[in-house]
Amino acid sequence: MDPEKLRQIEERYHAALELPPDEREAYIQESCGDDEELRREIETLLDVKISSNNFFETPPLSLAAEMFSQKERHANLVGKEISHYKIIRLLGAGGMGEVYLAEDTKLHRQIALKVLTSQFESDNERIKRFKKEARAVSALNHPNIITIYSIEETEAGSFIATEYIEGQTLRERIAEKPLLWQDAVKIAIQITGALKTSHSVGIIHRDIKPANIMIRRDGIVKVLDFGLAKLTAPDSGEFETRELTGPNRLMGTINYMSPEQALGEPVDPRTDIFSFGVVLYEMLSGVAPFSGPSDAAIYNATINKIQPSLRESNDTIPVELDHIVKCAMEKDPERRYQTFSELRADLKNILRDSQTGSFDNAATKIKMRPTKTTDLVVPKSRRYSAWLVAPLLILVMLGVGLYWKYFYVQSSTVNHFQSIKLDVLTAHGLATAVAISPDGRYIAYAKDEDGKQSLWLRQTASAGDTQIVPPDQTKYDYLRFSRDGNFIYFVGSEGVGQPSSLYQMTTLGRNQRQLIRGVDSQISFSSDGTNIAFIRISEADNSIIIAGEQGGNERILVTRKYPKVYGDEVSWSPDGKLIAVPTLTRGATYAGGMVVVNVATGTETPIPLKEEKLLRISQIAWVTDGKGLIYTPYAADMGQRYQIRYAAYPSGDVQNVTNDLSSYEDFSLTADSQTMVAVQREYSMGIWLTVADDFSSTVSINSKTAADDGERGIAWTKDGKIVFVSSEGGAQNIWRMDADGSNPKPLTTDYKVGKLFPSLSIGGDSITFMSRAIDPSTKELIPGNTFFQMDSDGQNVHQVVESSECAFAAASANGDWVVYTSRADGKFRIWKAPLKGGDAVRLTDVDSTSPAISRDGKLVAYLITEKGKPLKLGIISIDGGVPLKTLELPATTNMRAGITWNKTGNGILFVNTLGTTSNVWTQPVDGAKPTPLTNFKEFQIAQFALNPEGNRLAIARGSRNRAVVLIRNLHQ
Amino acid sequence: MTPDNNSHQISLLLIDWSKGDEYALEQLMPLVYHELRLMARRHMRRQPAGHTFQTTDLIHETYLKIAGGEERNWQSRTHFFGVAAKAMRHILVDYARSKNNQKRGGWQERVTLKDNMRVTNQSTEEIVALDDALSRLAALDDRKVRVVEMKFFAGLKVAEIAGVLKVSPETVKRDWSFAQTWLLRELKK
């Protein structure tokens, strides 16, 4: 067609329209003549006109409104500052607002800023929900849940500042390429961790979908957008059933909705289990199980249709995994997994079983509900004989019972502490010990920077910290204020390896003096303030000692003998009659408990704590009314995390004060027991590998078994596998895995590896490690450390060096020698011992640790740690003699990470931590300046190992953050 | 660039364009686009959620802002309407396209809310199809495309459109009638 043709069409079109309808056809015939095309054009146009719809009647207003309302804001915000955040760019828009990348101009870090859309600023309901979300999530503390930094309101609107996550959403990841089922399960396990935590504090996510799950570049999964999360009412013991916005309002993306959500029925935590099941299904198959051309079709499928088996699309998916997904996606919540703990355990088992090759037995290990139950739900008309229904009923009731126990009991036990407020007071993450003054006005804490500790004082109400003792060799193990608040007491030592004493100083750090020598625990004042109680440890026993407030007049109250000893804290009861103390049985496995000792008679009475699998209680403190104690236990299933609990006295009934994934490692109560300070440790380790021949590129091997993988030792085997220490399962053991993170497998099962100092070394075909030894007859741990050696498959374990004072071992590549740090002569020296038998020989005569043998086996490098002098690197011949070289190392060297020789032997690798970021550096042996080898931008390195080819590093690194937190509103 | 500078520049470019400088249009578009967005945002903020959005009001307000509160130059006002209508078309079509892409699996998934603001007859797919049809129509009769832009995308009145195009209101009506029919037929193809 051309413009002229269109003009002809238009002319006849208008003329025809002006005629009465019955005359039009004749006019068209006449005016078009033989031009068939022209005639057809006009006729079709007139047909359209007659049947015309209202498409053009109104401009596309709602589209314009929708667009302007959501996109306008960022045009204005980018480049601007809100509070102390400088907006960099728009990251995306969610249901309730836009998310921007911004820079925190105070802390100089990138953050994500979620701003409430301007359209909703006048919408109170939205604002309420927005804040509710923020509060809900900020109460959670988990490596797989996005971290909330602050919730603020400014003139520009309400916003939430959160951790900025660089990576891709699970949605993008699924769209990119198919996931291996093992990878899908690894991601899923991380998601279950997040949801398990949120459920444990009563938060349902309600909008689990791939777009709400981010995968960071290092493989860590983060669950975001608890946008629909709804805090449950903890006092009713029931989950709130309705959304704020009304009973039938559908929230959430419908493809991932549970049937009960789709039906607008009451929902409980099991709705997340269903949505999670849908997400896992999509990860495994690449397609959403419930789809359709319309929302109604999707609702219908969600409510009525059973999704096809995953194995129909991919028969590499294990039958058991298919069952797990089916069980999570049961239409009836009662038939689903009831908790994420069960689901997580099954996912972990399936991964483990596939890796250890015991896959055929997997079905027997998976604690699943019967998966055939779908047959019994649909069709509904089917009748069941009583014998079939009865066991099912029992199962369902059992499920309900478990569910009730898990949720109801948990929520009722947190009852008294439901209104606690937790504020993080320090941003540096370097706090160790902490104390609060009895009136709550002052907080003292120790800060550890590169192994040097300083003491700080803060007024609770203000944000400023004052350094009262500068960093030096002093170690502050425990801090306490005097009862009048005028003095600070600390138990500490004048350096690593020195005996601990009790010291006193003014709150400004002046007039420091030693009060009592040989104090090995926190102290506690008697109610009248005239006496101090503490624990003193000796070779064979330990005792509770009572002394005068200025020292002297010591008397032993009670003594316990190894292996059933006291813990690290005593607490004098408010009436002065009892001293509560944690107890610890140091056997092959630890067992923790708590007793009260009568001060007058010395008799012990256990407190029957209603807690299971308690491994250890670190601290204990009476509350003011004498009716209970606050304590910090850690149980076998808690993953080395101390939580704060309350035990009623004398019943031993337990309530949670905290229940999160942090660890609370020191605490102190005010005189009225309403407020406490604690050191909150966040902890997440992972293993990274550098790319072959490129130390600056790294990949995370996402094979997490425990939160401390590799922290206490990592090494390469000759055939390129990675051996590491992990506390998976409660005890530290040596594990081995392939260099891509697959096939993790424990090599030892009953050793306490690397109790204090990491030590794991491979020489030749054997693995050398340090462990506590177990007495073969009593099956109990023998005091002191022993070096063991075993084959690289974990077989043939044998003892190689016996010394109660040794640490930091390294074996030579040819397997001739082991070198190690020992205090056998009372001082830290490097020793060598022949692995094939013979006497140990001392190599150094200065304070030295962390030896490493060169690849040719001829030289030993070590760290020289002379008191008051800079850290140095020494090199000596394996045959002894005078040191060949002494070079200064940076003061920021991480001594615990040890050192290793590079491939050619012309450099020593060490870990250098600048600020809070560690990298592996090389110190050239010729004395040139050290240079960084890796290129990490965050986190600290705990351990590293160079592979036998000398071109790849395995690095255990992660975040270790120890913050002072203030916990208020402790209403017992 | 401050808003005032921006307005001034728009006025100058409008004059250039009215003198037949087609290059001025190219420069005008992004500026008008930006101004419209800013104005729309203010507009949305003042209104309660769920109110009816009026593109015409928006364009008038934007023009008033550019003109500094008084209509100094009738000529530039009509030219502005022409440009603004074209800008509205681009803005809305771009948005409709991006929404379609999202539906087909872009990165961002929006919560599906059955909101009561959805009173329009047009789907985003239809808006995109309309844009394609308009491009075909432009090759045959550009004036009709401009009528559609002003009438449909910008919501202008027939008299205003006639002013911009320097034709009679009757011609605008005829163009509008025929263009609608022609485009509807294209959309049904």
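What share of the contacts in chain A with a separation of 6 or more is accounted for by residues 24 or more positions apart? In this predicted model, such residues make up 50% of those contacts.

**Figure 1. Overview of chain A in the predicted model.** Chain A contains 16 helices and 59 strands. Of its 972 residues, 46% are buried. Residues separated by 24 or more positions supply 50% of the chain A contacts that have a separation of 6 or more.

**Figure 2. Packing of helix 1 against helix 2 in chain A.** Helix 1 spans residues 3-18 and helix 2 spans residues 21-32. Their axes come within 9 Å and cross at roughly 155 degrees. Angles over 145 degrees count as roughly antiparallel, and helix 1 of chain A is therefore roughly antiparallel to helix 2 of chain A. The crossing of the two helices is right-handed. On the side of helix 1, the contact involves A:Arg12, A:Ala15 and A:Ala16. These meet A:Arg24, A:Tyr27, A:Ile28, A:Ser31 and A:Cys32 of helix 2. Classified by residue type, the contact between helix 1 and helix 2 of chain A comprises five nonpolar, one polar and two charged residues.

**Figure 3. Packing of helix 6 against helix 7 in chain B.** Helix 6 of chain B covers residues 142-153, and helix 7 of chain B covers residues 158-165. The pair packs at an angle of about 140 degrees, and the axes are 10 Å apart. Helix 6 and helix 7 of chain B are therefore oblique to each other. Helix 6 of chain B passes helix 7 of chain B in a crossing that is right-handed. Helix 6 contributes B:Arg143, B:Arg146, B:Val147, B:Met150 and B:Lys151 to the contact, while helix 7 contributes B:Ile161, B:Val164 and B:Leu165. The residues of this contact divide into five nonpolar, no polar and three charged.

**Figure 4. Surroundings of B:Asp141, in the loop between helix 5 and helix 6 of chain B.** Helix 5, which precedes this loop, comprises residues 124-140. B:Asp141 has 18 C-beta neighbours inside 10 Å and therefore counts as partly exposed. Apart from residues up to four places away in sequence, B:Asp141 touches A:Pro3 and A:Leu6. The C-alpha atom of B:Asp141 is separated by 9.5 Å from that of B:Ala179, and the two residues are 38 residues apart along the chain.

**Figure 5. Helix 9 and helix 12 of chain A, with their burial.** Helix 9 consists of 16 residues (270-285) and reaches 22 Å from its first C-alpha to its last, close to the expected 22 Å. Since 16 of the 16 residues of helix 9 are buried, this helix is largely enclosed by the rest of the structure. A:Gly286 follows helix 9 and has a positive phi, near 85 degrees. Helix 12, residues 319-328, is mostly covered, with nine of its ten residues buried. Among the buried residues of helix 12 are the charged residues A:Glu320, A:Asp322 and A:Lys326. A:Leu321, A:His323, A:Ile324, A:Val325, A:Cys327 and A:Ala328 of helix 12 are also buried.

**Figure 6. Loop residues A:His142 and A:Leu179 of chain A.** A:His142 occupies the loop between helix 5 (124-138) and strand 5 (148-154). With 22 C-beta neighbours inside 10 Å, A:His142 counts as buried. The C-alpha atoms of A:His142 and A:Gly193 are separated by 8.1 Å, although these residues are 51 residues apart along the chain. A:Leu179 belongs to the loop between helix 6 (170-176) and helix 7 (181-200). A:Leu179 is partly exposed, having 19 other C-beta atoms within 10 Å. Beyond its neighbours within four places in sequence, A:Leu179 is in contact with A:Ile174, A:Ala184 and A:Met283. A:Leu179 and A:Ser285 are 106 residues apart in sequence, with 8.4 Å between their C-alpha atoms.

**Figure 7. Backbone geometry at A:Pro650, A:Ser673 and A:Asp693.** The peptide bond from A:Tyr649 to A:Pro650 is cis, with omega near 5 degrees. A:Pro650 is situated in the loop between strand 32 (645-648) and strand 33 (654-656). A:Ser673 is not a glycine, yet its phi is positive, about 60 degrees. The loop that holds A:Ser673 runs between strand 34 (663-669) and strand 35 (676-691). With 19 C-beta neighbours inside 10 Å, A:Ser673 counts as partly exposed. A:Asp693, likewise not a glycine, has a positive phi of about 65 degrees. A:Asp693 is placed in the loop between strand 35 and strand 36 (694-701), and is exposed, with 10 other C-beta atoms within 10 Å.

Conventions:
Residues are numbered from 1 along each chain as its sequence is written. Chains are lettered from A and ligands numbered from 1 in the order in which they are written. This is a predicted model: local features need pLDDT of at least 70, side-chain atom pairs count only at pLDDT 80 or more; totals for chains, interfaces and linings use all residues. Helices (H or I, at least four residues) and strands (E, at least two) are DSSP runs, numbered from the N terminus. A residue is buried if 20 or more other C-beta atoms lie within 10 Å of its own, exposed if 12 or fewer, and partly exposed in between; C-beta atoms are placed from the backbone. Two residues are in contact if their C-beta atoms, placed from the backbone, lie within 7 Å. Axes are lines fitted to C-alpha atoms, for helices over the stretch in contact, and angles run from 0 to 180 degrees between N-to-C directions. Angles under 35 degrees count as roughly parallel, over 145 as roughly antiparallel, 65 to 115 as roughly perpendicular and the rest as oblique. A crossing is left-handed if the near helix is turned anticlockwise from the far one by less than a right angle, and right-handed if clockwise. The expected span of a helix is 1.5 Å times one less than its number of residues.
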